[in-house]
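Thanks for sharing this one with me. Here are my notes, set out point by point so that you can follow along in the viewer.

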Amino acid sequence: DKGVGINIESLDKVFEPFFTTSRNGTGLGLFIANELCMANQAIIQLAEPQLKQGASLEIYFIGVANINE
C-alpha cells in the first residue's frame, strides 16, 4: 500500500479478523488473504519494511517449482 506502514505494536495483529487502524477499514482484508493462503498451502508474510513506503506482503506457494529455474 502507499500508507505510512505498519507500526511495531500492530505487527502481531495484522492477520486477526476485524483489526484495523483505518477509520474506513473493516479489518478483514489481510485476515481473508491469510485464510486463502492457508487453504491453498501458501504462506503470507510482511515483507521487510521500507521507511515511509507503506506495507508490502509476500506470498509463498509451498511445493511450487520456481519458474525461473
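1. Let me begin with Ile44, which has a long list of partners to look at. Leaving out residues up to four places away in sequence, Ile44 touches Phe15, Ala33, Asn34, Cys37, Leu57, Glu58 and Ile59. Ile44 itself belongs to strand S1, which covers residues 42–46. Please keep in mind that this is a predicted model.

2. Is Ile44 buried or exposed? Ile44 is buried, because its relative accessible area is 10% and the cut-off for buried is under 20%. One of its partners, Leu57, is worth a click: the two residues are 13 apart in sequence, and their C-alpha atoms are 6.8 Å apart in space. Strand S2 takes in residues 57–61.

3. Asn34 is another partner of Ile44, and it sits in helix H1. Not counting residues up to four places away in sequence, Asn34 touches Phe15 and Ile44. Phe15 is therefore a partner of Asn34 and also appears in the list for Ile44. Asn34 has a relative accessibility of 16%, so it counts as buried.

4. A word on the overall layout, to put those contacts in context. The chain has one helix and two strands, and they follow the pattern α-β-β when read along the sequence. Helix H1 spans residues 29–39. Of the contacts in the chain with a separation of 6 or more, 27% are between residues 24 or more positions apart.

5. How much of the chain is buried? Buried residues make up 14% of its 69 residues. The accessible surface comes to about 5900 Å², and carbon and sulfur atoms account for 55% of it.

6. Now for the segment before H1, starting with Ile6, which is found there. Leaving aside neighbours within four places in sequence, Ile6 is in contact with Leu11, Val14, Leu46 and Ala55. You can also compare the position of Ile6 with that of Ser56: the two are 50 residues apart along the chain, with 9.6 Å between their C-alpha atoms. Ile6 is partly exposed, because its relative accessible area is 30% and the partly exposed class runs between the cut-offs of 20% and 50%.

7. Which residues make the nonpolar surface patch? Ile6, Ile8 and Leu11 form it, with an area of about 280 Å². Leu11 is also placed in the segment before H1, and at a relative accessible area of 41% it is partly exposed. Ile6 and Leu11 thus share a patch as well as a contact.

8. Ser10 lies in the segment before H1 too, but here the side chain is polar contact territory: Ser10 and Asn7 are joined through their side chains by a polar contact of 2.7 Å. Setting aside neighbours within four places in sequence, Ser10 is in contact with Phe19 and Thr21. Ser10 counts as buried, since its relative accessibility is 8%.

9. Further along the segment before H1 you will find Thr26. What does the side chain of Thr26 reach? It reaches the backbone nitrogen of Leu28, at 3.3 Å. With a relative accessible area of 52%, Thr26 is exposed, because the exposed class begins over 50%.

10. Two backbone angles deserve a look. Phe18, in the segment before H1, has a phi near 70°, a positive value in a residue other than glycine. Gln41, in the loop between H1 and strand S1, also has a positive phi, near 55°, and is likewise a residue other than glycine. Phe18 counts as exposed at 61% relative accessibility, and Gln41 counts as exposed at 59%.

11. Finally, confidence. The chain averages a pLDDT of 86, and 86% of the residues score at least 70. Among the elements of the chain, H1 has the highest mean pLDDT, at 96, and strand S2 the lowest, at 93. Where pLDDT is low, the predicted coordinates should not be read in detail.

How values were computed: Residues numbered from 1 in each chain as written. Predicted model: local features only at pLDDT ≥ 70, side-chain atom pairs only at ≥ 80, totals over all residues. Heavy atoms only, no water. Patch = residues over 30% accessible without salt bridge, like charges linked within 9 Å, V, L, I, M, F, W, Y side chains within 5 Å. Areas by Shrake-Rupley, 256 points an atom, 1.4 Å probe, with all protein chains shown as cover. Salt bridge = Lys/Arg side-chain N within 4 Å of Asp/Glu carboxyl O. Helix = DSSP H or I, 4+ residues; strand = E, 2+ residues; numbered from the N terminus. Buried < 20%, exposed > 50% of the residue type's maximum accessible area, 1.4 Å probe, protein only. Polar contact = N/O pair within 3.5 Å; in protein donor to acceptor, adjacent residues only side chain to side chain. Contact = heavy atoms within 4.5 Å. pLDDT = per-residue confidence, 0-100.
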